[in-house]
Amino acid sequence: MKRRSTDSDQTEDSIADLATALAAMRTPEQVRAFLEDLCTPAELEAMSDRWRVVPLLSEGVPYREIHDRTQVSVTTIGRVARVFERGSGGYAAALHRRAARHR
């Protein structure tokens, strides 16, 4: 099992470096290639499931209907909803940027 660093500054620096690497990608294809190299197939599936739920939550679709449309578990939908409401604002920012690109 991986030992977690107790140095929160080091963890913050690592997350910031990862965010910088993602932001440096210029196309969706580059981001996809980076994510495929970085993540396991299961991690990619979990992240894509969460992202599929976000737009539906933003539209006010009930959890059960989201589950029926996506087959994502109601537990995962609830977790995404909590983060969407009380998280760091990343989901909302990504939705906003996606909408701006589609205009």
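This note comments on the fold, one helix pair, the largest pocket and a single residue of a predicted model.

1. Overall fold. The protein contains 6 helices and 0 strands, and reading along the sequence gives the pattern α-α-α-α-α-α. Measured out along the principal axes, the C-alpha trace spans about 40 × 35 × 25 Å.

2. Burial and contact range. Of the 103 residues in the protein, 17% count as buried. Among contacts with a separation of 6 or more, 34% are accounted for by residues that lie 24 or more positions apart.

3. Geometry of helix 3 and helix 5. The axes of helix 3, which covers residues 41-58, and helix 5, which covers residues 74-86, come within 10 Å of one another and cross at roughly 65°. The crossing in which helix 3 passes helix 5 is right-handed.

4. Residues at that crossing. On the helix 3 side the contact is made by Arg50, Val53, Val54, Leu57 and Ser58, and these meet Thr76, Ile77, Val80, Ala81 and Phe84 of helix 5. Sorted by class, this contact of helix 3 with helix 5 comprises 7 nonpolar, 2 polar and 1 charged residues.

5. The largest pocket. The space in the largest pocket comes to about 1,200 Å³, and its lining is made up of 20 residues, with Leu22, Val31, Leu35, Trp51 and Ala94 lying nearest the centre. Two or more lining residues come from each of helix 2 (28-38), helix 3 and helix 6 (90-101). Helix 6 gives the most to this lining, contributing 6 residues.

6. Character of the pocket lining. By class, the lining of the largest pocket holds 10 nonpolar, 3 polar and 7 charged residues. A reader inspecting the pocket may wish to view these classes together with the residues nearest its centre, among them Leu35 and Trp51.

7. Ile15. Is this residue, placed in helix 1 (residues 8-24), buried or exposed? With a relative accessible area of 49%, Ile15 is partly exposed, because that class lies between the limit for buried, under 20%, and the limit for exposed, over 50%. Ile15 is separated from Leu35 by 20 residues in sequence and by 15 Å in space, taken from C-alpha to C-alpha; Leu35 is one of the residues nearest the centre of the largest pocket.

Definitions and conventions
Residues are numbered from 1 along each chain as its sequence is written. This is a predicted model: local features need pLDDT of at least 70, side-chain atom pairs count only at pLDDT 80 or more; totals for chains, interfaces and linings use all residues. Side-chain values use heavy atoms; hydrogens and water are left out. Axes are lines fitted to C-alpha atoms, for helices over the stretch in contact, and angles run from 0 to 180 degrees between N-to-C directions. Helices (H or I, at least four residues) and strands (E, at least two) are DSSP runs, numbered from the N terminus. A crossing is left-handed if the near helix is turned anticlockwise from the far one by less than a right angle, and right-handed if clockwise. Contact means heavy atoms within 4.5 Å. Ala, Val, Leu, Ile, Met, Phe, Trp, Tyr, Cys and Pro count as nonpolar, Asp, Glu, Lys and Arg as charged, and the others, Gly among them, as polar. On a 1 Å grid over the protein atoms alone, a cavity is a set of points where a 1.4 Å probe fits but cannot get out, and a pocket is an open set with protein on both sides within 12 Å along at least five of seven lines; lining residues have an atom within 4 Å of a point. Grid points are joined across faces, edges and corners, and a volume is the space filled by probe spheres set on the points. Buried means under 20% relative accessible area, exposed over 50%, partly exposed in between (1.4 Å probe, protein chains only).
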